[in-house]
Amino acid sequence: MKRFEKADTIRQYLHTFRTESTIGFVPTMGALHEGHLALIETARRENDVVVSSIFVNPVQFNNPDDLARYPRTLEEDCQKLEAAGCDVVFAPSVDEMYPTPPTLHLNFGSLETVMEGAFRPGHFNGVGIVVAKLFNIVQPDRAYFGQKDLQQVGVIRQLIRDLSFPVELIRCPIIRETDGLAMSSRNRNLTAAEREQAPALFQALTLAHDCLLDEQSVTQTKAVVTDFFNEKPEFRLEYIDIVNANTLQPTDYVLAPGQTAICLAAHLGKVRLIDNLVF
Ligand code: AMP
């Protein structure tokens, strides 16, 4: 596996492949787990060359403590990437990506006034900037993103359309631990006791799903989930929303199969967790 830290060097290296090979790209912030590796494996099956990036993007963090606590395990990550079949990794420094702080501001309109966008002001501006930069550096044919960050998928879809990136976006399913907890780099920051409690997020999603299948209203369903967390004082529920999985806008009704998403975010100790279920 080739490893690059400089944008110019990786761009030049990939140039030789561009005409005759397809490039699949998996952007990450490192601290890799099986969720990330599943994206690499899918990219491996569908492309000639697989490129991944590891970059903890300061511009997308609205909370300095969250950025400081974000786990960094570069050497271990590179070993996992190589074992999963990644060909090229790009792990730039902050100075390499941002020689000066970016002045560009991206506005994703209604996509970012809800859920993560509402609770993490500026987050999607930072995501959009870094993904646009990475697309320009790597110039992939396909880019792989996890449904774990469903709203991010919507934002990147819009970014690709608005800026005419010649990139096919592939949404990949959520990989979970056996107890249902969605894999996340932030899970490493849970204490042992919190780790035991964390599957409650997935339980809450399942509960909401059951309520909706049982023809309870969206309002009733959200109340059931709110009550569920009220009985668990270790959690602070931030939002539970039932939305259109593509537009991310709240819906009062269950939509066509695969179009409805139940999304939630909750704080557990110092860790903020998100999860969703699309059905
Ligand atoms: P991150 O390193 O958290 O920025 O995530 C990098 C990519 O991996 C994003 O597209 C995430 O949505 C995806 N991802 C993170 N966790 C999971 C998971 N449990 N299952 C599938 N994809 C995931």
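Q: At roughly what angle do the axes of helix 2 and helix 4 cross?
A: The model is predicted. In it, helix 4 covers residues 74-84, and its axis comes within 9 Å of the axis of helix 2. Helix 2 passes helix 4 in a right-handed crossing. The two axes cross at roughly 35°.

Q: Which residues of helix 4 do L37, I40 and E41 in helix 2 meet?
A: Contact here means heavy atoms within 4.5 Å. L37, I40 and E41 supply the helix 2 side of the contact. On the helix 4 side, the residues they meet are K80, L81 and A84.

Q: Which strands stand at the edges of the sheet?
A: Six strands form an open sheet with parallel pairing, in the order 1-4-3-2-5-6. An edge strand has a single partner strand, so one side of it is left without a neighbour in the sheet. The strands in this position are strand 1 (2-4) and strand 6 (168-172).

Q: What is the average twist from one strand to the next?
A: Strands of a sheet pair through backbone hydrogen bonds, either parallel or antiparallel. In this sheet the pairing is parallel. From one strand to the next, the twist averages 25°.

Q: Which residue in strand 5 is the bridge partner of G24?
A: Strand 2 spans residues 23-28 and strand 5 spans residues 142-146. These strands pair in the parallel sense over two bridges. The bridge partner of G24 in strand 5 is R142.

Q: What angle does the direction of helix 1 make with that of strand 4?
A: Helix 1 (residues 7-18) packs on the sheet. It touches strand 1, strand 2, strand 3 (49-54) and strand 4 (88-90). Its direction makes an angle with that of strand 4 of about 150°.

Q: What angle does the direction of helix 8 make with that of strand 6?
A: Helix 8, residues 150-162, also packs on the sheet. The strands it touches are strand 5 and strand 6. With the direction of strand 6, the direction of helix 8 makes an angle of about 175°.

Q: Is the aromatic pair of F61 and Y70 stacked or edge-to-face?
A: A search of the whole structure finds nine aromatic pairs. One of them is F61 and Y70, both of which are buried, with ring centres 5.6 Å apart. Planes over 60 degrees apart count as edge-to-face. The planes of F61 and Y70 are at 80°, and the pair is edge-to-face.

Q: Which residues do ring pairs link into a cluster with F4?
A: Ring pairs can join several residues into a cluster, as they do for F4. The residues linked with F4 are Y13 and F17.

Q: Over the ring of which residue does the charged end of K232 sit?
A: The charged end of K232 is 4.9 Å from the centre of a ring. A charge must be within 6 Å of the ring centre to sit over it. The ring under K232 is that of F228.

Q: Is A31 buried or exposed?
A: A31 lies in the loop between strand 2 and helix 2 (34-46). It has a positive phi of about 50° although it is not a glycine. Buried means under 20% relative accessible area. At 1% relative accessibility, A31 counts as buried.

Q: In which helix is M115 found?
A: M115 is not a glycine, yet it has a positive phi of about 45°. At 4% relative accessibility, M115 counts as buried. The residue is found in helix 6.

Conventions
Residues are numbered from 1 along each chain as its sequence is written. This is a predicted model: local features need pLDDT of at least 70, side-chain atom pairs count only at pLDDT 80 or more; totals for chains, interfaces and linings use all residues. Side-chain values use heavy atoms; hydrogens and water are left out. Rings of Phe, Tyr and Trp (its six-membered ring) pair if their centres lie within 6.5 Å; planes under 30 degrees apart count as stacked, over 60 as edge-to-face and the rest as tilted. Buried means under 20% relative accessible area, exposed over 50%, partly exposed in between (1.4 Å probe, protein chains only). A charge sits over a ring if NZ of Lys or CZ of Arg is within 6 Å of the ring centre and within 35 degrees of the ring normal. Two strands pair if DSSP finds at least two bridges between them. Helices (H or I, at least four residues) and strands (E, at least two) are DSSP runs, numbered from the N terminus. Axes are lines fitted to C-alpha atoms, for helices over the stretch in contact, and angles run from 0 to 180 degrees between N-to-C directions. A crossing is left-handed if the near helix is turned anticlockwise from the far one by less than a right angle, and right-handed if clockwise.
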